[in-house]
Amino acid sequence: DSAYRIETMRSTERSTITIPPLTRVILLACLFLLSTTTTCCLGKKDRSVGHPHRGLIDKLLPGKLDLDLSSSDESKLMDEKAVMKHIENEGGQGGTAICVQDVNAPKQAVWNQILGFNSYKGKVNRVLECGNYEVKPVDQENGSRRWNIKTKMVVSVLPGYKYEYYCDHVYAPDCDSLSWSLDYDKLSDFDDVAGKWYLEDHPKKRDCTRVFYTCDIKLNGIVPKPIKDILTKKALRDATGWVKKESEAKPEAAIPSEYA
């Protein structure tokens, strides 16, 4: 049967309650929330104590994100569709999410959206809070300048349940990338995170951008599949989706002045 049935006895009368599949998923998620030790269950955490480790996932360095695209992938991109792949880690607790999306706007307009962390709330699905708490330039030996951007993010997974985490970004305009890991000097709800945005001029269309996005997430403890899917597969779709929508709505936008 596609739904659970619960039999109850009422005096001498037997009744059956049918629980639809969606309701069953919600009930299971609620049981999980009640059984886990998260921020919403235990109250406010002291984020200044730092993370319990200094990194478990290999950090992604600034630079090009190589991904071989097949003719089928190119056809999807031509049809305004995203090419998405997910490689799950051993044990099933997170994995590598990869997405490629063509955007009908120049690179500076796309960077305007990606680097606008303080305006993510209201634009990016599930983001409850997002803001930079440290931004500083880092001059390179070759004369180029990169920026170290530290950002607090709070995302909602299910009603009443959220993840708070702190990212340490490196924006490298000399190689058109933004890479990040956790800020290990603060306590995050994710066990570890590593990701990268990489932009390049579209190989065939003028004033258009090909956007590459990847993100590795390592979750704490045993996580039910619905929550894991939201944080990996669904987040993959949402990430490039909102960037495409907002960039194409403002193709004249420039890179934020603090990074120009």
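**Close-up 1. Lining of the second largest pocket in the predicted model.** Sorted by residue class, the lining of the second largest pocket holds 5 nonpolar, 2 polar and 2 charged residues. The residues that form this lining are Lys59, Leu60, Leu61, Pro62, Asp168, Val170, Ser179, Trp180 and Ser181, and the elements that contribute two or more residues to the lining are strand S7 (161-172) and strand S8 (177-182). The largest share of the lining of the second largest pocket, 3 residues, is supplied by S8, and the volume of this pocket is about 160 Å³.

**Close-up 2. The largest cavity and the residues nearest its centre.** Searching the whole structure yields 1 cavity of 30 Å³ or more, and the volume of the largest cavity is about 580 Å³. Its lining comprises 32 residues, of which Val155, Tyr165, Tyr213, Ala235 and Ala239 lie nearest the centre of the cavity.

**Close-up 3. Secondary-structure elements around the largest cavity.** Two or more residues of the lining of the largest cavity come from each of strand S4 (94-103), strand S6 (145-158), S7, S8, strand S9 (192-201), strand S10 (209-218) and helix H5 (225-249). Among these contributors, helix H5 gives the most to the lining, with 8 residues. By residue class, the lining of the largest cavity is made up of 24 nonpolar, 6 polar and 2 charged residues. Strands S7 and S8 thus appear in the lining of the largest cavity, and S7 and S8 also each give two or more residues to the lining of the second largest pocket.

Definitions and conventions
Residues numbered from 1 in each chain as written. Predicted model: local features only at pLDDT ≥ 70, side-chain atom pairs only at ≥ 80, totals over all residues. Heavy atoms only, no water. 1 Å grid on protein atoms, 1.4 Å probe; cavity = no way out; pocket = protein on both sides within 12 Å on 5 of 7 lines; lining within 4 Å. Points joined across faces, edges and corners; volume = space filled by probe spheres on them. Helix = DSSP H or I, 4+ residues; strand = E, 2+ residues; numbered from the N terminus. Nonpolar A, V, L, I, M, F, W, Y, C, P; charged D, E, K, R; others polar.
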